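Here are my notes on the model you sent, set out as numbered points. Please read them with the structure open beside you.

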Amino acid sequence: MKKLFLTLVALMGATTLFAQTDMVASFQQAMANAKAKNYVEAIEQFQAVIDAYYEVEEPDANQEKAFAGAKKFIVTCYHYLGGAAYNAKNYDEAAEYFAQAADQAELFDNVADMTKNRQFVGKCFEAKGAEAFNTGDYATAIEVFSKGY
């Protein structure tokens with residue numbers, strides 16, 4: 001019975017250690033993807049780090065750093081995806097990414113990034129409305145401009 005108990009304790013410890021190491025490794029991989037501009041993959045990995053953090057009872061310093069970084073860079077990745085879509089004149093897609101960035105920032109009490117990204121959502125509607133206006137589609141322009149406000 002004692003061997004069974006010790007085996008279970010050792011197994012739980014190994015699983016916890018693996019989860020902790022895995023969390024930091026996931027953050028490092030997410031950072032590598034973000035630097036390589038693989039933002040979609042990076043977002044998934046940052047989200048995995050955030051989810052894993054909530055599973056750890058007593059996070060260590062490395063896990064705290066990984067969690068803080070994931071909260072920051074998940075917003076950045078959504079923002080960069082929004083910027084790329086905006087530059088490609090995919091204004092609806094850009095607005096969605098900027099809204100996601102703003103929502104993530106709000107979730108983690110990052111008011112500055114939340115505000116910045118919400119302003120970019122408005123700029124997307126402004127640009128889309130301006131395109132419609134310049135082509136003479138005034139009804140669409142009014143509809144799009146009203147969404148931006």
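Are Y53 and F67 buried or exposed?

1. Both residues, Y53 and F67, are buried. This statement, like those that follow, concerns a predicted model and should be read as such.

2. On the overall fold, the protein chain contains six helices and zero strands, and its order along the sequence reads α-α-α-α-α-α. Of the 149 residues in the protein chain, 33% are buried, and the accessible surface amounts to about 9700 Å², with carbon and sulfur atoms accounting for 57% of that area. When contacts between residues at least 6 apart in sequence are considered, 47% of them join residues at least 24 apart.

3. On the aromatic residues, the count comes to 10 aromatic pairs. The ring centres of Y53 and F67 lie 3.8 Å apart and their planes meet at 10°, so this pair is classed as stacked, the cut-off for that class being under 30 degrees. The pair links distant parts of the chain, since Y53 belongs to helix 2 (residues 39-55) and F67 to helix 3 (residues 61-87), with their positions 14 residues apart in the numbering. Ring pairs also join Y53 and F67 with Y54 and F108 into a cluster.

4. A second pair deserves a separate remark, namely F133 and Y138, which form an edge-to-face aromatic pair with 5.2 Å from centre to centre and 65° between the planes. F133 is partly exposed, because its relative accessible area of 45% falls between the limits of 20% and 50%. Y138 is likewise partly exposed, with a relative accessible area of 48%, whereas Y53 and F67 of the stacked pair are both buried.

5. On helix packing, which descriptors are needed for two packed helices? The description rests on the angle between the axes and on the distance between the axes. For helix 3 and helix 5 (residues 111-134), the angle is about 15° and the axes are 11 Å apart. Helix 3 is therefore roughly parallel to helix 5, as angles under 35 degrees are counted in that class. The crossing of helix 3 past helix 5 is left-handed.

6. As to which residues form this contact, helix 3 contributes V75, H79 and Y86, which meet D113, K116, N117, F120, K123, C124 and A127 of helix 5. Helix 3 thus appears in two of the points above, as the element that carries F67 of the stacked pair and as the packing partner of helix 5.

Notes
Residues are numbered from 1 along each chain as its sequence is written. This is a predicted model: local features need pLDDT of at least 70, side-chain atom pairs count only at pLDDT 80 or more; totals for chains, interfaces and linings use all residues. Side-chain values use heavy atoms; hydrogens and water are left out. Helices (H or I, at least four residues) and strands (E, at least two) are DSSP runs, numbered from the N terminus. Buried means under 20% relative accessible area, exposed over 50%, partly exposed in between (1.4 Å probe, protein chains only). Contact means heavy atoms within 4.5 Å. Accessible areas come from the Shrake-Rupley method with a 1.4 Å probe; for residues, only the protein chains shown count as cover. Rings of Phe, Tyr and Trp (its six-membered ring) pair if their centres lie within 6.5 Å; planes under 30 degrees apart count as stacked, over 60 as edge-to-face and the rest as tilted. Axes are lines fitted to C-alpha atoms, for helices over the stretch in contact, and angles run from 0 to 180 degrees between N-to-C directions. Angles under 35 degrees count as roughly parallel, over 145 as roughly antiparallel, 65 to 115 as roughly perpendicular and the rest as oblique. A crossing is left-handed if the near helix is turned anticlockwise from the far one by less than a right angle, and right-handed if clockwise.
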